[in-house]
Amino acid sequence: MMAETIGERLQRVREEIEEARRHSLTGEEVQLIAVTKTHPVSLIREALAAGVTDIGENKVQELTGKIEEIGPQVRYHMIGNLQSNKVKYIYENVALIHSLDRRSLGKEIEKRAAQTDTTVSCLLQVNIGREPQKGGVDPDDAIKLVESLQDFQHIHLKGLMCVAPNTEDEGELRNCFRNMVKIREQIQGMHYDRVDMDILSMGMSHDFPIAIQEGSNMVRIGSHIFGARNYNK
């Protein structure tokens, strides 16, 4: 039996997204970010040929290498932990930074963006499971962080992102995603400047149907499209 192509995997993912959307609380369209970490450009080009428009990377070095090799035919997303000293390499070249989770990072983004009069679109990453090994602001501190980012004129906060706990407990996952929706609604109600809350980036290969059902409108999917990652890279 022949292995599935990238295009066939993508088609199945799109069908699963659409099925989940039919049972979602909002019925919103869902944007797919294809997570390409450790995967070669040859596979990414297959995904682009099959209609992928947005790719996500976890590491700055890998992201900048792929931007250089692939060019502007796709939108790039920084989805992993971002160190302040790496901001200068990517801030002008990404459609969205998903992992803004502390004021010090916001300050560096603002400094770089002000130098070139660039507006940088970001998501606030929330550590919704309060897991010490993961990035993200504590849920109880999310509004306080949004308020502190109001000092920065070149950051446009487009919404929220989370990495839910890696668990088979559907109830726990749903609770996490529902809490994200609540935080989003609280922030929306504050009517801050340069804050839209249009995007809820929730859901990965193991939990994206549940995330969509609970209100996600952006999912980050890697292994369901590209197969297992190459950890030796």
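**Figure 1. Burial and overall build of the chain.** Buried residues account for 52% of the 233 residues in this predicted model. The secondary structure adds up to 9 helices and 8 strands. With a radius of gyration of 17 Å, close to the 17 Å from the globule rule for 233 residues, the chain is as compact as a globular protein of that length. Its C-alpha trace spans about 55 × 40 × 30 Å along the principal axes. Among contacts with a separation of 6 or more, 60% link residues 24 or more positions apart.

**Figure 2. Surface and charge.** The accessible surface of the chain is about 11,400 Å². Carbon and sulfur atoms own 46% of that area. As for charges, there are 29 positive and 35 negative side chains. Take the centre of each set, and the two points sit 4 Å apart.

**Figure 3. The largest nonpolar core, plus a second one.** This core holds 67 residues. Which residues have the most contacts inside it? They are I17, I97, I109, L124, L157, L160 and I225. Helix α7, covering residues 170-188, gives the most to the core, namely 7 residues. There is also a second, separate core of 6 residues, with L96, L123, I199 and M218 among them.

**Figure 4. Close-up on L160.** Here we zoom in on one of the residues with the most contacts inside the largest core. Skipping neighbours within four places in sequence, L160 touches L123, L124, V126, M180, I183, R184, I187, M197, I199, L200 and S201. Two names on that list, L123 and I199, turn up in the second core. Another, M197, gets its own view in Figure 7.

**Figure 5. Close-up on A34 in strand β1.** Strand β1 runs over residues 31-35, and A34 is part of it. Is A34 buried or exposed? Its relative accessible area is 0%, so A34 is buried. Beyond its neighbours within four places in sequence, A34 is in contact with V52, D54, I55, G56, I221, I225 and F226. I225 in that set is also one of the residues with the most contacts inside the largest core. For a sense of distance, look at E62: it comes 28 residues away from A34 along the chain, and the two C-alpha atoms are separated by 15 Å.

**Figure 6. Close-up on R21 in helix α1.** R21 belongs to helix α1, which covers residues 6-22. This arginine has a relative accessible area of 17%; that is under the 20% cut-off, so R21 counts as buried. What does R21 contact, leaving aside neighbours within four places in sequence? The partners are G27, E28, E29, V30 and I212.

**Figure 7. Two positive phi angles, at T38 and M197.** Most residues other than glycine have a negative phi, so a positive value is worth a close-up. T38 has phi near 70 degrees, and T38 is not a glycine. You'll find T38 in the loop between β1 and α2 (41-49). With a relative accessible area of 18%, T38 is buried. M197, also not a glycine, has a positive phi of about 60 degrees. Where is M197 found? In strand β7, residues 195-201. At 0% relative accessibility, M197 counts as buried, and M197 is also one of the contacts of L160 shown in Figure 4.

Note on methods:
Residues are numbered from 1 along each chain as its sequence is written. This is a predicted model: local features need pLDDT of at least 70, side-chain atom pairs count only at pLDDT 80 or more; totals for chains, interfaces and linings use all residues. Side-chain values use heavy atoms; hydrogens and water are left out. Helices (H or I, at least four residues) and strands (E, at least two) are DSSP runs, numbered from the N terminus. The radius of gyration is taken over C-alpha atoms; the globule rule is 2.2 Å times the number of residues to the power 0.38. Buried means under 20% relative accessible area, exposed over 50%, partly exposed in between (1.4 Å probe, protein chains only). Contact means heavy atoms within 4.5 Å. Accessible areas come from the Shrake-Rupley method with a 1.4 Å probe; for residues, only the protein chains shown count as cover. Lys and Arg count as positive and Asp and Glu as negative; His and the chain ends are not counted. The place of a charge is taken as NZ of Lys, CZ of Arg, CG of Asp or CD of Glu. A nonpolar core is a set of buried Ala, Val, Leu, Ile, Met, Phe, Trp, Tyr and Cys residues joined through side-chain atoms within 4.5 Å.
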